[in-house]
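Me: I keep meeting labels like "oblique" and "buried" and would like to see the reasoning behind them. Can we go through this one step by step?

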Amino acid sequence: MDKNKLNRALMYLFLSVFSLISLFPFYWMVVSSTNTATDINKGKFSFGDQLFANISRLSEQVDLGLIFWNTSKIAIISTLVTLLISSMAGYGFEVYKSKVRDRVYGALLLTMMIPFAALMIPLFTLMAKAQLLDTHAAVMLPTIASVFIVFYFRQCTKAFPHELIDAARVDGVKDWKIYLFVYIPVMKTTYAAAFIIVFMTSWNAFLWPLIVLQSAELKTINLVLSSLSSAYFPDFGIIMVGTVIATLPTLAVFFAMQKQFVAGMTGSVK
Amino acid sequence: MMQFVGFDNVLRLFNDPFFLKSLKNTFIFLVVQVPVMILLSLILSSCLNAPNLKFRSLFRLAIFLPCVTSLVAYSILFKSMFSYEGIINSFLMWTHIVSEPIPWLSDPFWAKVTIIIAITWRWTGYNMIFFLSAMQNIDKSIYEAARMEGVSPTKQFFFITVPLLKPVILFTTVMSTIGTLQLFDEVVNITAGGPANETMTLSMYIYNLSFKFVPNFGYAATVSYVIVFFAAVLAIMQFKIAKDK
């Protein structure tokens, strides 16, 4: 038995164990949604028959449809608006030349370094002054001008063939039409990756919605899950059904667009 | 109305036991979790980059999958798995690794360990993707030559892979540091800052100061600047260290 083979065996063992650890909580989530809270607390890890009971108890406590609608509405609207605004900015920064361009851009990039913890109080008082507290607009507004997405689009626009713009201009096509009908179709994959970044961020948002949303009928799924599980005796059976509902959309997006997903999550720029 | 209070808020920081505790906790999370996670994702990515590896894409998919979960959802999963009679303790007792259940969520030390395990589970695959894509750009012939010279895989890892990946390691370390300094969702949903504020982080303290206790935005803002300060200082330090080497 040579050392090489042993090394390889150890490597496979390590990768397998780590993959199992990575996958187990998913299994646990699905299995637990079919068990009672008592069984979950005792660590039962085989399928039970409580799925429908859990679903019906969850829908007695919260308006599932409404919560799902709130979360999706916020995620979809803020994703579409962010993509439009931030891609326009990224396009503009790369295509239009001016003396102050790079200085403005540098200042913009610097704001990425400010942690959200430092922004949340000024943002909150701003929203209070605008009388937007406890509205979905307050959740979406601070996210739609995303510096990171502007940066991402600018980087990707560097690879965009600028001759296309020049050719269209010679033909007398207006600039907004070039952006809409030439740029957007060519940059499809960039849009797909950016879509995933923004959608995931919005779907998973917790702290900011927690601060601005108070009314029960406006809450998103993460807020509901968090308050259910912070009860003194949390009913994990119904909570697990909730986590499955919260995870399914992002899993679906992941499996539908795996390649763009990885590119988007890591913001990798080719 | 707004009123200038000079440096009162800054002075208050040094005599505030809750602030000092949350600062200490945040640093414990930072100092233990970030290096462990970066090292783990480096090892995983160099395993996944090994030539003729079978099931490569399957392993990669499995290890990346935690990134798909929302922070709240996975925190709740961990809370239920690490409960006193929960699945983790059952497993550890069944395999005779421990003879008594570990008080994961109710003991100051183990509560921190739980939070660290949870964050590492969620983010290791994410960082691994950065390393993997950087490793694709390393010339394969370097490893070929090292193998010919009889350099062991461990030495190849430390003397070829790590130095060549330095910029990416720096980037992921800075990003993870900023992320951990702002740790909020996990501690709120796994331990609620407990037991006895032993997992309270700076972000959670800022939230409590502004929205849970009698609102004190001025002082909360002061605490938030502590995060800005450390994020900047640590980022600069990491850049300096990376340059020296």
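Me: What makes the crossing of H4(A) and H8(A) right-handed?

Reply: This is a predicted model, so everything here is computed from it. A crossing counts as right-handed if the near helix is turned clockwise from the far one by less than a right angle, and the crossing of H4(A) and H8(A) comes out right-handed.

Me: Why is H4(A) called oblique to H8(A)?

Reply: Look at the angle: the axes of helix H4 (residues 64–95) and helix H8 (residues 147–157) of chain A cross at roughly 50 degrees and come within 7 Å. Roughly parallel needs an angle under 35 degrees, and roughly perpendicular needs 65 to 115. The crossing angle fits neither range, so H4(A) is oblique to H8(A).

Me: Which residues make that contact?

Reply: On the H4(A) side they include A:Thr82, A:Ser86, A:Gly90 and A:Phe93. From H8(A) come A:Ile149, A:Val150, A:Tyr152, A:Phe153, A:Arg154 and A:Thr157. Sorted by class, the contact has 7 nonpolar, 5 polar and 2 charged residues.

Me: What makes A:Gln131 exposed?

Reply: Count its neighbours: A:Gln131 has 9 other C-beta atoms within 10 Å. The cut-off for exposed is 12 or fewer, so A:Gln131 qualifies. You'll find A:Gln131 in the loop between helix H6 (116–129) and helix H7 (136–140) of chain A. There's a backbone oddity as well: A:Gln131 has a positive phi of about 55 degrees, although it is not a glycine. Most residues other than glycine have a negative phi.

Me: Why is B:Phe55 called partly exposed?

Reply: B:Phe55 has 13 other C-beta atoms within 10 Å. Exposed would take 12 or fewer and buried 20 or more, so B:Phe55 lands in between and is partly exposed. B:Phe55 sits in the loop between helix H2 (17–48) and helix H3 (56–64) of chain B. B:Phe55 isn't a glycine either, yet has a positive phi of about 60 degrees.

Me: How do you know that B:Lys240 is exposed?

Reply: Again by counting: B:Lys240 has 9 other C-beta atoms within 10 Å, and the limit is 12 or fewer, so B:Lys240 is exposed. B:Lys240 belongs to helix H12 (residues 217–244) of chain B. From B:Lys240 to B:Gln136 it's 104 residues in sequence and 26 Å in space, C-alpha to C-alpha.

Me: What makes H4(B) mostly covered?

Reply: Here 11 of its 11 residues are buried. Among them are B:Leu71, B:Tyr74, B:Lys79 and B:Met81. Each of these has to reach the mark of 20 or more other C-beta atoms within 10 Å.

Me: How many residues of chain B are in contact with chain A, and which helix gives the largest share?

Reply: 53 residues of chain B are in contact with 48 residues of chain A. Helix H4 (residues 71–81) of chain B gives the largest share of chain B's side, with 9 residues. By class, that side has 37 nonpolar, 13 polar and 3 charged residues.

Me: How do you know that chain A isn't matching the figure for a compact globule?

Reply: Set the two numbers side by side: a compact globule of 270 residues would have a radius of gyration near 18 Å, but chain A has 23 Å. The C-alpha trace of chain A spans about 70 × 70 × 35 Å along its principal axes. Chain A has 15 helices and 0 strands, and 37% of its 270 residues are buried.

Conventions. Residues numbered from 1 in each chain as written. Chains lettered and ligands numbered in written order. Predicted model: local features only at pLDDT ≥ 70, side-chain atom pairs only at ≥ 80, totals over all residues. Axes fitted to C-alpha atoms, helices over the stretch in contact; angles between N-to-C directions. Helix = DSSP H or I, 4+ residues; strand = E, 2+ residues; numbered from the N terminus. Parallel < 35°, antiparallel > 145°, perpendicular 65-115°, else oblique. Contact = placed C-beta atoms within 7 Å. Nonpolar A, V, L, I, M, F, W, Y, C, P; charged D, E, K, R; others polar. Rg over C-alpha atoms; globule rule 2.2 N^0.38 Å.
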